[in-house]
Amino acid sequence: MNLRLVKMWCAAVAGVLLPTLAWAQVTPAAGYTPPDDTPSIKVGATIFTDFTYTQDPKTTDQDGNSINPSAFQVTRSYINITGNISHVVAFRITPDITRETSTGPTVSGSYVFRLKYAFAQINLDDWMTKGSWVRFGLQQTPFVDYTEGIYRYRFQGTTFVEREGFLTSSDNGASFHFNFKNNYGDVHTGYYNGDGYAKPEANNQHAFQIRGTVRPFATQSPVLRGLRLTGFWDQDAYAKSDEKQRGVFEASYEHKYVNAAYDYLHTADQLTAASPVAKGNGYSFWFTPKSTVGLEGLFRYDHFTPNTAFSDRTRHRTIVGVSYWFKHQGAVSSAVMLDWDGANFDKLVPAQPKSNKIALHALINF
């Protein structure tokens, strides 16, 4: 199965690349200005930090007192190093933090850096539409990175499919991205380990992922231009014949005064050959009304049924928050947000207590 997917993926990429590469072999016209091939490097950072107060569930301290846990924490600390060897060859290296949980006495409980992104990129602007490329290495996966560009509240928490544990934002692999003309959409497809950046590859099974997005009113008025329709498929396996599938449909809308999206998720998981296939489905919708003075709201609702054979066993989450985005020049951003995040787990096995948290979040990105 995986070998056939590799051949299909390579054939599809070659089918797009070869005609355009042949077309590009022409003599430049008089007055042609060659692109800038001066090597360059840039350094940036992204920081997520928060103070979280847990209303439910309560816990007990070392003296047996019932308490509501609360803590200051840092959940992301990127050091983004990006650069260009030429106008064709580029790269990115990004470490991020994680909490060390080993039993060793030296760094147990400390924040430590681990690699999140490290990839080489071949820009195909000379032969294709601007923004088309090929990547190789530890890189963004097609759907999570795309949807986080619309849902800019990743600093509050992960998106629906990632929070449910079905997709990861980064993985080792090779991928191809192509932009349609006139901003009508794009396609991003790749072949990955499938276990995510935080785990090594477990066996010889890999994930084929593809996302296609269309913007049907790309050249129309701003009111219509913000609509995008997206389909995503992830074909993987836990072992040779133990299926691991994820499918997502997303309708999203972006406007000066509101961003919104609806996601439908389908999953199929067979952990071992002896176990039955568990088919799950769920949905999420969110919207963020925006003002002209930096104030925004967030309302989000997630609902998921892990196994449709037990339709009364569900997980659902509600997030309500208000944020303020500071004014800046350029592509940098900073914001603060106060939110309530509540989750209920109905009739799950094993049982899980409800979760209610109030948090103050902060974002820095430059």
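Which residues have the most contacts inside the largest nonpolar core? In this predicted model, that core has 14 residues, and those with the most contacts inside it are Tyr153, Phe155, Leu298, Trp325 and Leu363. The elements that give two or more residues to this core are β16, spanning 314-325, and β17. Apart from this core lies another, of 10 residues, among them Val144, Phe166, Val248 and Phe304. In soluble globular proteins, nonpolar side chains tend to be buried together.

Tyr153 links the core to other parts of the description. Leaving aside residues up to four places away in sequence, Tyr153 touches Thr288, Glu296, Leu298, Ser323, Trp325 and Met337, and Tyr153 is also one of the residues that line the second largest cavity.

**Cavities and pockets**

The structure holds two cavities of 30 Å³ or more. Thr147, Tyr151, Thr159, Phe160, Asp263, Ser284, Trp286 and Arg300 line the largest cavity, whereas the lining of the second largest cavity is made up of Ile150, Tyr151, Arg152, Tyr153, Asn259, Trp286, Thr288, Lys290 and Glu296. The table sets out volumes and lining classes for these cavities and for two pockets.

| Space | Volume | Nonpolar lining residues | Polar lining residues | Charged lining residues |
|---|---|---|---|---|
| Largest cavity | about 80 Å³ | three residues | three residues | two residues |
| Second largest cavity | about 30 Å³ | four residues | two residues | three residues |
| Largest pocket | about 1100 Å³ | 12 residues | 12 residues | eight residues |
| Second largest pocket | about 650 Å³ | eight residues | 12 residues | 13 residues |

The largest pocket, with about 1100 Å³ of space, is lined by 32 residues, of which Asn80, Arg92, Gln140, Asp145 and Asn365 are the closest to its centre. At least two residues of this lining come from each of β1, β4 (70-84), β5 (89-99), β6, β7 (133-140), α2 (142-148) and β18, and the largest share, six residues, is supplied by β4.

The second largest pocket, with about 650 Å³ of space, has 33 lining residues, and the closest to its centre are Thr75, Arg154, Gln156, Gly157 and Thr158. Two or more residues of the lining are given by each of β1, β4, β5, β6, α3 (160-163), β17 and β18, with β18 giving the most, namely five residues.

**Two polar side chains in strand β6**

Is Lys116, in strand β6, buried or exposed? Lys116 counts as buried because its relative accessibility is 1%, and its strand, β6, covers residues 111-123. The side chain of Lys116 makes a polar contact, at 3.4 Å, with the side chain of Ser169. Beyond residues up to four places away in sequence, Lys116 touches Arg76, Tyr78, Thr94, Pro95, Asp96, Leu138, Ser169, Ser170 and Tyr197. Gly44 is 72 residues from Lys116 along the chain, and the C-alpha atoms of the two are separated by 14 Å.

Gln121 is likewise found in strand β6, and Gln121 counts as buried because its relative accessibility is 10%. A polar contact of 2.7 Å joins the side chain of Gln121 to the side chain of Arg135, and Arg135 also appears among the residues that Gln121 touches, together with Val88, Val89, Ala90, Trp133 and Val134, when residues up to four places away in sequence are not counted.

**Backbone features in the loops**

Where does Pro57 lie? Pro57 is placed in the loop between β1 (40-56) and β2 (59-60), and the peptide bond that leads from Asp56 to Pro57 is cis, with omega near -5°. A cis peptide bond, with omega near 0°, also runs from Val349 to Pro350, where Pro350 lies in the loop between β17 (333-346) and β18 (355-365).

The loop between β17 and β18 is also the place of Lys347, a residue other than glycine whose phi has a positive value near 60°. With a relative accessible area of 59%, Lys347 is exposed. Asn182, which is not a glycine either, has a positive phi of about 60° and lies in the loop between β8 (170-179) and β9 (185-192). Asn182 is exposed, its relative accessible area being 57%.

Methods
Residues are numbered from 1 along each chain as its sequence is written. This is a predicted model: local features need pLDDT of at least 70, side-chain atom pairs count only at pLDDT 80 or more; totals for chains, interfaces and linings use all residues. Side-chain values use heavy atoms; hydrogens and water are left out. Helices (H or I, at least four residues) and strands (E, at least two) are DSSP runs, numbered from the N terminus. Buried means under 20% relative accessible area, exposed over 50%, partly exposed in between (1.4 Å probe, protein chains only). A nonpolar core is a set of buried Ala, Val, Leu, Ile, Met, Phe, Trp, Tyr and Cys residues joined through side-chain atoms within 4.5 Å. Contact means heavy atoms within 4.5 Å. A polar contact is a pair of N or O atoms within 3.5 Å; within protein, one must be able to donate a hydrogen and the other to accept it, and residues adjacent in sequence count only if both atoms are side-chain atoms. On a 1 Å grid over the protein atoms alone, a cavity is a set of points where a 1.4 Å probe fits but cannot get out, and a pocket is an open set with protein on both sides within 12 Å along at least five of seven lines; lining residues have an atom within 4 Å of a point. Grid points are joined across faces, edges and corners, and a volume is the space filled by probe spheres set on the points. Ala, Val, Leu, Ile, Met, Phe, Trp, Tyr, Cys and Pro count as nonpolar, Asp, Glu, Lys and Arg as charged, and the others, Gly among them, as polar.
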